[in-house]
Number of protein chains: 2
Amino acid sequence: VSSIDVEALAARVLAGERAALARALTLLERDREVALQLDAAFGRSGRYACTVGITGAPGAGKSTLVSALLAEATARDQRLAVLALDPVSPLTRGAILGDRLRMESAAADERVFVRSMTADARAGGLSAVTPLAVRALEAAGWPGVLIETVGVGQSELDVVEAATTTLVVLNPGWGDEVQAVKAGLMEVADVFVINKADREGVEELQHDLERLVAAWPARRWRPPIVRTVAHQRLGAAETWAAIGAHRAWLEQRGELAARRRRFLELGLRALARERFDAALQEVLGSAAGESLLQRLASGEISLPAGSIELAARAAQPAAG
Amino acid sequence: VSSIDVEALAARVLAGERAALARALTLLERDREVALQLDAAFGRSGRYACTVGITGAPGAGKSTLVSALLAEATARDQRLAVLALDPVSPLTRGAILGDRLRMESAAADERVFVRSMTADARAGGLSAVTPLAVRALEAAGWPGVLIETVGVGQSELDVVEAATTTLVVLNPGWGDEVQAVKAGLMEVADVFVINKADREGVEELQHDLERLVAAWPARRWRPPIVRTVAHQRLGAAETWAAIGAHRAWLEQRGELAARRRRFLELGLRALARERFDAALQEVLGSAAGESLLQRLASGEISLPAGSIELAARAAQPAAG
C-alpha cells in the first residue's frame with residue numbers, strides 16, 4: 001500500500017464509502033505503519049462518536065443484546081455501528097468466533113455497520129486496535145459505536161473502560177454474584193443489564209445489584225439496572241434509554257470531555273505498550289536476551305536488575 | 001529498610017526462618033527497590049521449586065481445591081507452600097478477598113506455608129510480584145508452590161502459564177463449555193480438574209473435555225481429566241498424581257528447563273512492563289503529556305505518532 005493509495009482511501013472513508021471503511025479497518029488491523037498514515041487523516045476529521053462498551057461473562061448473551069440494540073436503532077431510524085472484538089487463539093492462531101461473520105453479512109441495512117476486529121488479546125492487541133478502529137468509524141461519520149467484547153479479560157476491560165458508556169451484562173442464577181464483584185467487573189459498569197431476565201433468580205440478582213449500587217460513592221453515577229430478554233428483543237428500548245440517560249448525565253456534568261480524554265489516553269498507552277512488548281520480545285529472542293537469561297539463571301543478576309537491562313535494550317532498537 | 005537489614009533478612013530467609021520469609025514477601029510486595037536487593041540474594045541460592053498454577057472461573061472451587069491439596073501434602077508428609085493472588089479493587093483500593101486471611105491463619109502446620117499476595121491486577125502488578133514471591137519461597141527451601149488465582153484475567157493467565165504445571169478447574173453444568181474454550185482458558189491446561197463432580201452434567205463435561213483433548217496436536221502433552229469433590233477432599237490424591245505425571249513427562253522430555261526459562265522470561269517481561277507502565281503514567285500526568293493529549297485531540301498528531309512520542313519520553317526518565 002503506497003502513501004498515495006492510503007490518502008485516497010482515507011478521503012473515501014471520510015466521504016462515507018462503506019467499502020473504503022471496511023478496507024481501512026482491515027489495514028488498521030494488519031499494518032501499524034499504514035495505521036499511522038490513516039489515523040492522521042481520520043484525526044483531522046474533527047468527528048466524534050459516542051461509544052458503548054458491552055462486557056460480561058461468556059454466554060451472558062452479549063451478541064444477542066447487540067442484535068437487539070441494532071434492531072432498536074433501526075426502529076428509531078438511527079445509524080449505529082458495531083465493533084465485535086475477536087481475540088486470536090494462541091493455540092490455533094486463528095480468530096475464535098467464526099459466527100461473527102454471519103452477523104456481519106446480516107447487516108445489509110444502510111443504517112447499520114457491523115465489523116469484527118481480530119487481534120491477539122494476550123499481547124494486548126485488542127486494546128491497541130480498538131481505538132484506531134473507533135477513530136476510523138468516527139471519521140466515516142458513524143455517530144454511535146457499540147463495542148462488544150468476548151470475555152472479561154484485562155484487554156477487554158481496558159477497551160470497555162475507554163467507552164463513553166459501559167454495559168455489564170449479567171444473568172440470573174449465576175450463584176454467588178459477589179464473586180463477579182470480586183472479579184472487578186462491576187466497577188466499570190455504567191449500566192447493568194440483567195439478560196435472560198425470564199429465568200429464575202432475577203429478583204435475587206436485582207436485589208444484589210441494588211445493594212451494590214447503594215454502596216457506590218455519593219457523587220458517582222448510579223448505574224441503572226435494566227432487565228432484558230434479548231433473544232425476544234425485550235428490554236432493548238429500556239437499555240437504549242439507560243445509555244441515553246448516562247450520556248445526558250455526562251454532558252450535564254461536563255464529563256464527556258473527560259471520557260474522551262480517557263479514550264485517547266488509553267489508546268496512546270495501548271499502542272505504546274504494544275510497541276514496547278514487541279521490542280521486549282525481540283530482545284528476548286536475540287543473543288543479548290540469551291545472555292541475560294543465562295546470567296539470570298546462574299544467579300549472576302537478579303530478576304529486577306535483569307528487567308531493567310531488558311527494558312533499556314528494548315528502548316534502543318539499534319541495540320536490539 | 002537499610003541495605004544491611006535487607007542482607008540480614010535475606011540470610012534468615014535462606015536459613016528457613018518462617019517469620020523472615022513472611023517479612024520478605026511483604027517487602028517484595030510493597031517496595032521494588034528492596035525487591036532488587038532481596039531477589040539478588042535469593043537468585044544466588046540455586047534452589048528451585050515446582051510450581052502449580054490453579055485457575056478457573058470465580059466460584060469453581062479453587063480455594064477449596066487448594067485446601068484439599070494441602071491436606072493431601074501433609075498426609076504424604078510433604079512440604080507445600082501456597083501463594084494466593086488477591087487483585088486490588090480499583091474502586092476500593094483494598095484487597096478483595098479478606099477470607100484469605102483465615103486460610104493463612106489456619107496454616108499452623110510446619111509443613112505448610114500459605115501467603116496471599118496483593119497487587120493491582122489491572123496494572124499487571126500480580127504478574128510482576130508473583131515471580132519475585134516464587135523466588136523467595138524457593139530460596140527459603142520450599143520444594144513446591146501452589147499459585148492460586150482469583151479469576152481468569154490476563155494477569156492471572158500470565159501467572160499460571162509461568163508455572164511448571166497448570167490446573168484448570170471447571171464445574172459440571174456450566175452450560176456451553178465451548179464458550180470457556182473460546183475464552184482461551186483451556187489452552188493453558190496441563191491438568192483438567194472437574195470439581196463439584198457430584199453434580200449433574202459431569203459426564204457431558206467429561207465428554208466435552210475428552211473431545212477437546214483428542215483434538216490436541218499429537219506431540220503435545222494430553223491433559224488428564226480428574227474429578228474432585230474438593231470440599232469432601234475427594235479426588236485430591238488423583239489430582240496430586242496427575243500433577244506428578246505431568247512433571248515426570250516434562251522431566252523425561254527435558255522440558256523442565258524450558259518451563260523454568262519461560263518462568264524467568266515472564267518475570268523479566270512483567271517487571272519491565274511494570275516500570276514502563278509507571279513511566280507512561282508519569283509522562284501522561286506531566287506538562288508534556290498534557291501537550292501531547294491536546295495535540296492529539298486537535299488532530300495535529302495521530303494516535304500512533306502520539307504513542308511513539310509518549311514511549312520515547314517514557315524511556316527517558318530525565319525528560320519525564
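A residue is taken as buried under 20% relative accessible area, as exposed over 50%, and as partly exposed in between. In this predicted model, B:Arg76 has a relative accessibility of 37% and therefore counts as partly exposed. The side chain of B:Arg76 forms a salt bridge with B:Glu72, in which the closest N and O atoms are 2.8 Å apart. The acidic partner, B:Glu72, has a relative accessible area of 14% and is therefore buried, so that this salt bridge pairs a buried residue with a partly exposed one.

Over all chains, a search of the whole structure finds 34 salt bridges. One of them is formed within chain A, where the side chains of A:Asp77 and A:Arg111 meet with an N to O distance of 2.9 Å. This pair links distant parts of the chain, the two residues being 34 residues apart: A:Asp77 is placed in the loop between helix H4 (62-75) and strand E2 (80-87), whereas A:Arg111 is found in the loop between helix H5 (99-106) and strand E3 (112-119). With a relative accessibility of 55%, A:Asp77 counts as exposed, while A:Arg111, at 27%, counts as partly exposed.

A further salt bridge, with an N to O distance of 2.9 Å, is made by the side chains of A:Glu290 and B:Arg261. Because A:Glu290 belongs to helix H12 (residues 287-297) of chain A and B:Arg261 to helix H11 (residues 256-284) of chain B, this pair joins two chains. A:Glu290 is partly exposed at 29% relative accessibility, and B:Arg261 is likewise partly exposed, with a relative accessible area of 29%. In addition, a network of salt bridges links A:Arg261, A:Glu265, A:Arg269 and B:Glu290.

Turning to the nonpolar interior, the largest nonpolar core comprises 114 residues, of which A:Leu21, A:Leu38, B:Leu21, B:Leu38 and B:Phe42 touch the most other members. In soluble globular proteins, nonpolar side chains tend to be buried together. For B:Leu38, when neighbours within four places in sequence are left aside, the contacts are with B:Val6, B:Leu9, B:Ala10, B:Ala24, B:Leu27 and B:Leu28.

A buried position is also found for B:His246, a residue of helix H10 (residues 236-252) of chain B, which has a relative accessibility of 0% and therefore counts as buried. Not counting residues up to four places away in sequence, B:His246 touches B:Thr164, B:Thr165, B:Asp190, B:Trp221 and B:Arg259.

Key
Residues numbered from 1 in each chain as written. Chains lettered and ligands numbered in written order. Predicted model: local features only at pLDDT ≥ 70, side-chain atom pairs only at ≥ 80, totals over all residues. Heavy atoms only, no water. Helix = DSSP H or I, 4+ residues; strand = E, 2+ residues; numbered from the N terminus. Buried < 20%, exposed > 50% of the residue type's maximum accessible area, 1.4 Å probe, protein only. Contact = heavy atoms within 4.5 Å. Core = buried A, V, L, I, M, F, W, Y, C linked by side-chain atoms within 4.5 Å. Salt bridge = Lys/Arg side-chain N within 4 Å of Asp/Glu carboxyl O.
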